[in-house]
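Subject: Structure for you to look through

Dear colleague,

I am handing over the structure we spoke about, and below it you will find what turned up in the cavities, the core and the cysteines. Please keep it open as you read.

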Amino acid sequence: MSAHWIAPSILSADFARLGEEVDAVIGAGADLIHFDVMDNHYVPNLTIGPLVCEALHKRGVKAPIDVHLMVRPVDRIVPDFARAGARFITFHPEASEHVDRTIELIREHGCQPGLALNPATPLDWLDYTLEKLDLVLIMSVNPGFGGQKFIPSALGKLEAVRRRIDASGRAVRLEVDGGVKVENIQACARAGADTFVAGSAIFGSPDYAATVRAMRAQIAAL
Ligand code: DX5
Ligand code: ZN
């Protein structure tokens, strides 16, 4: 795994052939499998849950599963995803009654906790949490759907979080999620992101490996 991780979001995969799609993106050089969980409550869409995560895990998928919870409440479902083979579990602070408790819960269940910040969510949420997190996810679209347009204010936010992570001295991944493409991935990397979620840009392209290679080339050309 390189310092920069590409995390295809299976939200844009062909769900009728999910196992093959996941194998294909891993074969194309993906570092993480980004797994979007939506509940038709916290976000206006409904996707996949722990059973699908477990099925991928049991298939022997050879990349860590990066679970992005867009659900409310959060805590009830955390142990299920831990059992289902998740590596990272990321949640939205607005969706949890007790953010610190949720972070602890994820850690206690042997997973790596992440906090996701929506476009209008301030960075204040990191004040008392960053020291306990393994990942910060900056949303560059409003959560709920794939294929939306990148919101440019995410770049300034990434820069600010990068400064905070560096000052903390801890190894915390900085992930950007939403509208990331070959054309803007370099700007995200320049702003300090090291983990790049891309759904439609990868699964909507005819050659997954060529797209992942083009993304890596953009990052390397920084
Ligand atoms: C949006 C999801 C994203 C989404 C990204 O709520 O969290 O992970 O799948 O899709 P693209 O890359 O198409 O914007
Ligand atoms: Zn996501």
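Before the cavities, one convention is needed: Ala, Val, Leu, Ile, Met, Phe, Trp, Tyr, Cys and Pro count as nonpolar, Asp, Glu, Lys and Arg as charged, and the others, Gly among them, as polar. Please also bear in mind that this is a predicted model.

With that convention, the lining of the second largest cavity divides into 5 nonpolar residues, 1 polar and 1 charged. Those residues are Pro119, Ile138, Met139, Ile151, Ser153, Ala154 and Lys157, and helix H5 gives the most to this lining, with 3 residues. The volume of this second cavity is about 30 Å³, whereas that of the largest cavity is about 210 Å³. The largest cavity is lined by 25 residues, with Phe145, Gly146, Asp177, Gly178 and Gly179 lying nearest its centre, and by class its lining holds 11 nonpolar, 11 polar and 3 charged residues.

Turning to the packing, the largest nonpolar core has 73 residues, and Ile10, Phe35, Val67, Leu69 and Phe81 have the most contacts inside it. Helix H5, which spans residues 153-168, gives the most to this core, with 5 residues. Apart from this core lies another, of 10 residues, including Leu32 and Val197.

Finally, the count of disulfides comes to 0. For Cys111, the nearest cysteine sulfur is that of Cys53, 8.8 Å away, and a disulfide would need the two sulfur atoms within 2.5 Å. Cys111 counts as buried because its relative accessibility is 3%.

With best wishes

Terms used:
Residues are numbered from 1 along each chain as its sequence is written. Chains are lettered from A and ligands numbered from 1 in the order in which they are written. This is a predicted model: local features need pLDDT of at least 70, side-chain atom pairs count only at pLDDT 80 or more; totals for chains, interfaces and linings use all residues. Side-chain values use heavy atoms; hydrogens and water are left out. A nonpolar core is a set of buried Ala, Val, Leu, Ile, Met, Phe, Trp, Tyr and Cys residues joined through side-chain atoms within 4.5 Å. Buried means under 20% relative accessible area, exposed over 50%, partly exposed in between (1.4 Å probe, protein chains only). Helices (H or I, at least four residues) and strands (E, at least two) are DSSP runs, numbered from the N terminus. On a 1 Å grid over the protein atoms alone, a cavity is a set of points where a 1.4 Å probe fits but cannot get out, and a pocket is an open set with protein on both sides within 12 Å along at least five of seven lines; lining residues have an atom within 4 Å of a point. Grid points are joined across faces, edges and corners, and a volume is the space filled by probe spheres set on the points.
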